[in-house]
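Hi,

Here is the structure I promised to pass on to you. Please have a look, and my notes follow underneath.

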Amino acid sequence: MQETWRWFGPDDVVPLHAIRQAGASGVVTALHQIPYGSLWDVEAIEQRMAVIAADASLALHWSVVESLPIHERIKLGEGDLSGLFDTYRQSMRNLAACGIKTICYNFMPVVDWTRTELYHPLPGGGRALRFNMHEFAAFDCFMLGRAGAETDYSNEVLAKARVWFDRASETDRETLLASIMAGLPGAFDRYDIPSLRLMLDRYKDISRDALRENLARFLREVIPVAEEFGIHMAIHPDDPPRDIMGLPRIVSGADDLAFITSTVSSEANGITFCTGSLGAGPQNDVPALARRFAGHIHFVHLRNVAKEPDGSFMEADHLGGDTDMVSVVEILLEEQKRRRDAGKTGWRIPFRPDHGHELLDDAGKRSFPGYSAIGRLKGLAEIRGVMTATAQLRGLPT
Ligand code: DNO
């Protein structure tokens with residue numbers, strides 16, 4: 001598989017040479033400075049490519065876009081969308097013209113990945129991302145005060161949420177809001193409580209089916225262009241894979257992936273197989289999903305989570321946690337072999353170690369939450385070990 005590494009651009013405190021030292025060659029990045037819904041022009045794309053290629057000794061190249069974001073109005077199906085679709089398609093063409101043909105995106109309404117704790121202490125001194133169901137409930141029910149929110153949580157979770165909220169200081173509440181908003185990268189103003197309420201209000205009439213239809217419409221609008229230019233679109237699953245804050249989420253499990261891949265049936269219409277996002281859902285058997293949707297996987301995020309009965313979860317070591325990573329890797333290597341044997345060019349699937357713990361000298365570096373250097377380097381090294389061993393034992397190409 002092609003080893004890649006997410007890099008947030010020149011502001012990322014983890015520099016390009018760290019990617020080379022970690023052993024990856026593909027860079028996963030986005031033009032985060034460009035607001036959602038605006039054009040990625042060739043000049044801006046080339047500028048970023050030049051930065052990545054500036055030190056030729058690193059031998060890095062921009063291999064995957066993560067993400068080409070979808071404007072909220074497309075998710076809402078609000079108003080005349082022709083201009084937004086035109087712009088999205090033009091950004092795709094521009095990327096293809098520059099040779100970048102794998103595009104990751106998501107269809108999560110309002111927020112992206114969501115955690116309640118960005119710095120949960122680990123034994124021995126590292127830190128990890130966590131999702132505490134009671135804190136999320138406290139946010140939803142008592143800070144946001146969303147009507148009817150209580151019905152989404154068990155009595156036990158609500159009781160714990162109440163205790164948390166009553167004890168929380170103003171700073172605790174601000175930290176919780178900031179943690180929940182931390183998943184939105186890029187040129188985006190983080191929501192505060194009033195603006196979040198307004199945004200949720202815009203979604204009040206959007207049912208699961210309506211949101212699905214809006215995604216289907218998006219696919220019908222962009223997949224033909226992807227086909228024409230040899231682009232692989234790769235939708236990222238919801239994280240966590242469940243409805244949140246009353247918002248429907250439609251990329252959370254097997255039925256959703258089946259809907260997406262069948263609604264516009266095309267090789268260009270694929271998925272980002274994120275073991276961490278899918279793995280946080282008790283409904284998901286991650287290796288079974290990998291097997292079922294293998295043919296649609298264009299990009300892979302490998303990480304692991306340990307789930308708890310109340311819906312909370314913790315980001316675990318890449319080979320720890322609930323997902324059998326060895327099985328997933330084996331399935332992906334088999335899929336690659338199938339593609340190679342079928343004579344496909346570009347049969348190697350790009351993957352990246354997703355999220356890492358903050359370890360050792362990562363502390364105090366102010367890297368993006370989940371995107372520390374050493375934590376990810378450890379994850380990548382472990383996964384590379386599994387891949388090498390599996391490939392050798394099973395006679396599969398890496
Ligand atoms: C989290 C990431 C996501 C992902 C987007 C893709 O760390 O995996 O933020 O980039 O959801 O659109």
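Helices (H or I, at least four residues) and strands (E, at least two) are DSSP runs, numbered from the N terminus. With that in hand, Ser67 falls in the loop between strand 3 (61-66) and helix 3 (72-76), and the peptide bond leading into Ser67 from Glu66 is cis, with omega near -5 degrees.

Two notes on the source. This is a predicted model, in which local features need pLDDT of at least 70 and side-chain atom pairs count only at pLDDT 80 or more, while totals for chains, interfaces and linings use all residues. Residues are numbered from 1 along each chain as its sequence is written, and side-chain values use heavy atoms, with hydrogens and water left out.

Now the ligand. Glu66 and Ser67 turn up again here: together with Asp112, His355 and Tyr371 they come nearest among the 15 residues around the ligand (near means a heavy atom within 4 Å). By class, this shell has five nonpolar, five polar and five charged residues; Ala, Val, Leu, Ile, Met, Phe, Trp, Tyr, Cys and Pro count as nonpolar, Asp, Glu, Lys and Arg as charged, and the others, Gly among them, as polar. Strand 4 (residues 102-106) gives the most to the shell, with three residues.

Which side chains place a polar atom by an oxygen atom of the ligand? Glu66 does so at 2.5 Å, Trp113 at 3.4 Å, and an N or O atom in the side chain of His355 lies 2.5 Å from a ligand oxygen. Taken alone the ligand exposes 330 Å², and the protein buries 99% of that (areas by the Shrake-Rupley method with a 1.4 Å probe).

On to the helices. The axes of helix 5 (residues 133-143) and helix 7 (residues 170-181) come within 11 Å and cross at roughly 105 degrees (axes are lines fitted to C-alpha atoms over the stretch in contact, and angles run from 0 to 180 degrees between N-to-C directions). That makes helix 5 roughly perpendicular to helix 7 (65 to 115 degrees). Glu135, Phe136, Phe139 and Met143 in helix 5 meet Arg173, Leu176, Leu177 and Ile180 in helix 7, with contact meaning heavy atoms within 4.5 Å.

A last backbone detail: a second cis peptide bond runs from Asp239 to Pro240, also with omega near -5 degrees.

Best wishes

Definitions and conventions: Polar contact = N/O pair within 3.5 Å; in protein donor to acceptor, adjacent residues only side chain to side chain. Parallel < 35°, antiparallel > 145°, perpendicular 65-115°, else oblique.
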